[in-house]
Amino acid sequence: MVALKIEDIKTCTAKLFLGGEFDSFLVREASIVTFNRFTIDGHVRRGYYTEEEMEEGGIESLSAWKVLRPFCFSLIKGKKLPGSFSITLQLPDGEVKGFLEDSGLSMAPETIQGLAMNIRYEEGSMTVVTAASLSIFTLDKTIDMEWELYVQKFLKNSGIAFTRE
C-alpha cells in the first residue's frame, strides 16, 4: 500500500469526472459529500440485468466508472467545491491476468480479490492510496509493490502529477 499525494487537484478531478482515463475501472464504492452525503455501492444488483444483458454489455459484478461517472459528476458540479469525496476503483477481473503477466507474477488470477485505488479528496487535499486484496495468505508483498508501480505509471501516463507520502 502506498499513498500518493496529488499535486494538481484540478487536473486530476477533471480527468476523473470529465475524461475517460479512469473509465475502464470498476467502482467498489463512492461517497460524495456536498449538501448531503451520497453513498454508492458499486455492486450490481442481482436480477436487475438478465444474464444475456450482462454478457452482451460486458457487465461485471461491479459497475464500471464509465457508467457511474456522469451521475457522480452531477453531484459535485456547481459553484461550491464538494466537502469531500472518496471513490474506490478496482481493476476489472478481465484485466487481472494481463496485469500479472506484465508484472512477471506467477499467481493464479482467481487468488486476487481486488486491485484497488482509493481516491480521496478532503480539506483541499487529494490522495490516491493503493490496495491489493488476496484470498490467500502470503508474506510475499510483490503483488502490492507491482500494483503500486502500476498505479503510479497509470497516473503519470494520464498526466496526473503526484508525490509519494
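Reader: How much area does the chain expose, and which share do carbon and sulfur atoms supply?

Author: Accessible areas come from the Shrake-Rupley method with a 1.4 Å probe, and for residues only the protein chains shown count as cover. The chain exposes about 9900 Å², of which carbon and sulfur atoms supply 51%. This is a predicted model, in which local features need pLDDT of at least 70 and side-chain atom pairs count only at pLDDT 80 or more, whereas totals for chains, interfaces and linings use all residues. Residues are numbered from 1 along each chain as its sequence is written, and side-chain values use heavy atoms, with hydrogens and water left out.

Reader: What radius of gyration does the chain have, and why does that value agree with a compact globule?

Author: The radius of gyration is taken over C-alpha atoms, and the globule rule is 2.2 Å times the number of residues to the power 0.38. For 165 residues the rule puts a compact globule near 15 Å, so the 16 Å of this chain agrees with it. Along the principal axes, the C-alpha atoms fill a box of roughly 50 × 45 × 25 Å.

Reader: Which elements make up the chain, and in what order do they run?

Author: Helices (H or I, at least four residues) and strands (E, at least two) are DSSP runs, numbered from the N terminus. The chain has 5 helices and 8 strands, in the order β-α-β-β-α-β-α-β-α-β-β-α-β from the N terminus on.

Reader: What share of the contacts joins residues 24 or more positions apart?

Author: Contact means heavy atoms within 4.5 Å. Among the contacts in the chain with a separation of 6 or more, 70% are between residues 24 or more positions apart.

Reader: How is burial to be read, and what percentage of the residues count as buried?

Author: Buried means under 20% relative accessible area, exposed over 50%, and partly exposed in between (1.4 Å probe, protein chains only). Of the 165 residues, 41% count as buried.

Reader: Which residues touch the most other members of the largest nonpolar core?

Author: In soluble globular proteins, nonpolar side chains tend to be buried together. A nonpolar core is a set of buried Ala, Val, Leu, Ile, Met, Phe, Trp, Tyr and Cys residues joined through side-chain atoms within 4.5 Å. The largest one here has 39 residues, and Phe-22 and Leu-89 touch the most other members. Leaving aside residues up to four places away in sequence, the contacts of Phe-22 include Trp-65, Leu-89, Met-117 and Phe-154.

Reader: Where is Leu-26 placed, and is Leu-26 buried or exposed?

Author: Leu-26 lies in strand S2 (residues 26–33). With a relative accessible area of 6%, Leu-26 is buried. Its C-alpha atom is separated by 5.4 Å from that of Trp-65, 39 residues apart along the chain. Beyond residues up to four places away in sequence, Leu-26 touches Trp-65 and Leu-89, among others.

Reader: Is Met-1 buried or exposed, and which residues does Met-1 touch?

Author: Met-1 belongs to the segment before strand S1 (3–6) and counts as exposed at 70% relative accessibility. Not counting residues up to four places away in sequence, Met-1 touches Val-129, Thr-130, Asp-144 and Glu-148. The C-alpha atoms of Met-1 and Thr-130 are separated by 5.0 Å, although these residues are 129 residues apart along the chain.

Reader: What phi does Glu-123 have, and where is Glu-123 placed?

Author: Most residues other than glycine have a negative phi. Glu-123 has a positive phi of about 50° although it is not a glycine. Glu-123 is in the loop between strand S6 (112–122) and strand S7 (125–134), and is exposed, with a relative accessible area of 78%.
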